[in-house]
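Here's a short set of exercises to work through with the model open in your viewer. Try each one yourself before you read the solution.

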Amino acid sequence: QHTPEISESALKAGAADLLRRHDALRSGFFVKTFSTFTADILEPVWETLDLRGEPSEQYEALLAQHRTAWYQYRFEFDAPPLMRFLSIRISDTQWLILIHCHHLLLDGWSAPRILQEWLGGMSAEATLAYPNLHWGQYLDWLQKQDPTIVCQYWNEALNGFKAPSLLCPTRQQRFPSQELSSVLCAAVNTDVKALAAKINVSTAMLFQLAWAKTVGNALNQDD
């Protein structure tokens, strides 16, 4: 959520800058030939929804309905960007921003970094350098790798996995039946950041480790 100190136009401009700065976010894919390409210029797909006039007793249901329908959108791989933004105004002082991105572009490690770069760029003092390594350079490097060695590595790393880790195998709907959220107090937030800096990882990686431990405990697995 954000307040009027950060305007919707500024967020939209920041999203456009993300697409300019990162080749990967402008990537498209040809499924039949297993090839990729990068569009030269793209504007973010940005939609706006105003729920301020809706009755409070209907707000949550309307929000869930719009969100579910929005996330069911199917990307066309050869028509980038494979990323969309939805700005929902829920009051005069609050907005809700939804981001829908295909996993081909961002994974659990890179998504928080992109979000931090996007929202951090809203600061007047922010000066963001362009990435040193471009998407095309990574693809060139990838093509030079020996697939035999790669397959051997992952076969060894995944050895012992016999089934998916399903916490709720009977669930039918896309979204969980209950959402839980919590705000870290200042002291815990400081400790998390300090630990991440000490071991040279992102805070997102710490939360992913905590989630992996939670899943392991729930399923009685140690892998």
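**Exercise 1.** Which elements do the buried residues of α3 pack against? Work out also how those residues are arranged around the helix.

*Solution.* Keep in mind that you're looking at a predicted model.
- Step one: pick out the residues of α3 with under 20% relative accessible area. The buried ones are S110, I114, E117 and W118.
- Step two: look down the helix axis. The buried residues of α3 fall within an arc of 100 degrees, so they line one face of the helix. That fits a general rule: an α-helix has 3.6 residues a turn, so residues three or four places apart point the same way.
- Step three: find the partners. The buried residues of α3 pack against α1, β3 (45-50), β4 and β5 (95-101).

**Exercise 2.** Place α3 in the overall layout: how many helices and strands does the protein chain have?

*Solution.*
- Step one: count up the secondary structure, and you get seven helices and five strands.
- Step two: write the elements in order from the N terminus, which gives α-β-β-β-α-β-β-α-α-α-α-α.
- Step three: check the chain as a whole. Of its 223 residues, 25% count as buried. Take the contacts with a separation of 6 or more, and 64% of them come from residues 24 or more positions apart.

**Exercise 3.** Describe the largest nonpolar core, then zoom in on W46.

*Solution.*
- Step one: list the members that touch the most others. In this core of 17 residues, they are L25, W46, M83, F85, L105, L106 and W118.
- Step two: assign members to elements. α1 (8-21), β4 (83-89) and α3 each give two or more residues to this core, and α1 gives the most, with four.
- Step three: step away from this core and you'll find another, made up of ten residues, including L51, Y59, Y71 and L86.
- Step four: go back to W46 and skip its neighbours within four places in sequence. W46 is then in contact with E8, L11, K12, A15, F85, S87, I97 and W118.

**Exercise 4.** Map the second largest pocket and say what lines it.

*Solution.*
- Step one: get the volume, which is about 980 Å³.
- Step two: look at the lining. It has 26 residues, and A24, L105, W109, S110 and W135 are the closest to the pocket centre.
- Step three: sort by element. α3 (110-120) and α4 (135-143) are the elements that give two or more residues to the lining, with α3 providing the largest share, five residues.
- Step four: sort by class. You should end up with 14 nonpolar, seven polar and five charged residues.

**Exercise 5.** Find out how H102 sits: which residues does H102 touch, not counting residues up to four places away in sequence?

*Solution.*
- Step one: locate H102 in the loop between β5 and α3.
- Step two: check exposure. With a relative accessible area of 24%, H102 is partly exposed.
- Step three: collect the contacts, which are F75, F77 and L82.
- Step four: take a C-alpha distance. H102 and R84 are 18 residues apart along the chain, and their C-alpha atoms are separated by 9.3 Å.

**Exercise 6.** Hunt for backbone oddities.

*Solution.*
- Step one: recall the baseline. Most residues other than glycine have a negative phi, and most peptide bonds are trans.
- Step two: scan omega. P80 and P81 are joined by a cis peptide bond, with omega about 10 degrees; P81 is in the loop between α2 (56-71) and β4.
- Step three: scan phi. N200 has a positive value near 60 degrees. N200 is in the loop between α6 (186-198) and α7 (203-219) and counts as exposed, at 69% relative accessibility.

Methods:
Residues numbered from 1 in each chain as written. Predicted model: local features only at pLDDT ≥ 70, side-chain atom pairs only at ≥ 80, totals over all residues. Heavy atoms only, no water. 1 Å grid on protein atoms, 1.4 Å probe; cavity = no way out; pocket = protein on both sides within 12 Å on 5 of 7 lines; lining within 4 Å. Points joined across faces, edges and corners; volume = space filled by probe spheres on them. Nonpolar A, V, L, I, M, F, W, Y, C, P; charged D, E, K, R; others polar. Core = buried A, V, L, I, M, F, W, Y, C linked by side-chain atoms within 4.5 Å. Buried < 20%, exposed > 50% of the residue type's maximum accessible area, 1.4 Å probe, protein only. Contact = heavy atoms within 4.5 Å. Arc of directions from axis to C-beta.
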